[in-house]
Amino acid sequence: MADMVRASGLVKRYKSVEALSGLDLTVQEGTVLALLGPNGAGKTTAVRVLATLLTPDAGTAEVAGIDVLANPAGVRERIGLSGQYAAVDEHLTGYENLEMVGRLYDLGRVKARARARELLEQFGLAEAGDRPAKTYSGGMRRRLDLAGALVAAPPLLILDEPTTGLDVRSRLQLWDVIRELVAGGTTLLLTTQYLEEADRLADEIVVIDHGKAIARGTADQLKAQTGGERIEVVLADAARRDAAERVLALVARGPVQVDDDGRSLVAPVHDGQRALARTLREFEDAGIAVLELGLRRPTLDDVFLSLTGHAAEADPSSETVEVSA
Amino acid sequence: MTTSAPVRVARDGWIVARRNLIKIKRVPEVLVFVLISPIMFVLLFAYVFGGAIDVPGEVDYKEFLVPGIFVQTVVFGATFTGAGLAEDMQKGIIDRFRSLPMSRSAVLIGRTTSDVFYNVISVTIMALTGLVIGWRIREGVLDAATAFLILLVFAYSVSWIMAYVGLLVPSVEVVNNASFIVIFPLTFVSNAFVPTESFDGVLRTFVEWNPVSTATQACRELFGNTDPSVPVPDAWSMQHPTIYTLLISMAIVAVFAPLATRQYKLSTTK
């Protein structure tokens, strides 16, 4: 499969801050890549470079085989960008917004009009289409903005924090819309600070912090990298802690962690189901009562914390984790 | 579909202009508030300060005043251009435009063009206000048309200055304050409200070469709001106000259109 986006060594400095410090990025055609990172990690800067809105201080980038720096106009014909703010003109109706964008993409009047109606329909805005966007809810504005990015059916769609600031329901709706698009074969580059969003939408995730990729892989690979499955126990009686720890040590593949309260224990395990069954039996036999006992896979939150949390404390270069994709 | 570059600039510019005009249609209140201040100025100067201001020759102060108010109105109106761009920038609309394969100058051309329409509306309203308080057009239709044309051309050039300012500063509020710093001295250190003769020395020279003065002078002469027996100041600009105003308008556009376009390409929402 061809690469839709290929960027290497991107650097962008603002006065004293280095927003990007040597970012490499590849997005394969027909896939979804999530750029995941905290606020200020450089996600938006990266996206703006690829969308030709910013010129990097160093590095190269190609979109659909076209050099972003040498031929920005060519790149603009092949991307649809929906930014952090819903860039809709609130005085225009939804229809007028989309028609304007279509005409600016050089679709011609007739096609631009037809496309506007089609997109309003597709995004559940048909009824609101002739009302000024001012009257729209936050979720509707985002959908309209997203529709604007799709007017010319671009080969690459770039969404910069598409659901930031939305309520849960609107977020779920937007995810559905995005998933449908992606199922249709659109290549998507997505930035997000929500792990769940990356987990749900992306084929591949690049974790970015301090302007650099600090890990990459599928959600599963990243989770496995952070530690795989583990058994978590909360004891009914803290006095049985030592006994419980001995049991867990039998199934654990690493040191058993005991929380400060002395009642919660965590043990990393290999074969989760079997280890859990054995723990349960051993607890039964020893008469150890539990409030909670469960098998847990790490969430992307754990990944994120372990990656960026360390990076924030120590020398970031020594913390780089590479997960082979 | 392929379209040649100049056609694209014009067409994209018009698409953007149409968008701005829809806003005036949807939110006419904007127009009302912007026009209230010139109307207040007319009333203030005609009925409050007017009695204390001596105009040379046999001309009523109200006739002297109204062309000056026209110029002031269009210069203040240019703030609209800057504020509009700053607002688009704040809301991320400029980013959307910049990510589209459209002409790079179209957003600015569209904005300044739609503001010509805006100026047509505001000058019309000011003219009606003027007629109500006793201002009259005393020369031919052609002269009057030329006067209005000069107003619009001059206004267009000031729009480009404000477009540049609007892209340079971070918010609409700052545009309003920044433009005030430029516009206030330009309109008040001019012959718009008081005769040139009331200034001395360096200020007098500034007034004579200030395009606000020459635009005002050109309008007064073309509308017939001057007393021909009163000598015009000797400065070349005041002797040839129409030509001077047109030349300086062109110069302003020649300088500020490239500056604003460059700023448009550079500027990004933070």
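This note goes through helix α9 of chain B and the aromatic contacts of the structure.

1. The model is predicted, with local features needing pLDDT of at least 70 and side-chain atom pairs counting only at pLDDT 80 or more, while totals for chains, interfaces and linings use all residues. Residues are numbered from 1 along each chain as its sequence is written, chains are lettered from A in the order in which they are written, and side-chain values use heavy atoms, leaving out hydrogens and water.

2. Helix α9(B), residues 211–223, where a helix is a DSSP run (H or I) of at least four residues, numbered from the N terminus, is largely enclosed by the rest of the structure, because twelve of its 13 residues are buried (under 20% relative accessible area, 1.4 Å probe, protein chains only). Its covering elements include α3 (61–90) and α11 (241–266) of chain B, counted by contact, that is, heavy atoms within 4.5 Å.

3. At the N-terminal end of α9(B), B:N210 acts as a cap, with a side-chain oxygen 2.9 Å from the backbone nitrogen of B:V212, and just after the helix B:G224 takes a positive phi of about 75°.

4. Over all chains there are 20 aromatic pairs, meaning rings of Phe, Tyr and Trp (its six-membered ring) with centres within 6.5 Å, called stacked if the planes are under 30 degrees apart, edge-to-face if over 60 and tilted otherwise. The rings of B:W135 and B:F223 have centres 5.2 Å apart and planes at 90°, so this pair is edge-to-face; it joins distant parts of the chain, 88 residues apart, and both residues are buried.

Technical notes: Helix = DSSP H or I, 4+ residues; strand = E, 2+ residues; numbered from the N terminus. Buried < 20%, exposed > 50% of the residue type's maximum accessible area, 1.4 Å probe, protein only. Polar contact = N/O pair within 3.5 Å; in protein donor to acceptor, adjacent residues only side chain to side chain.
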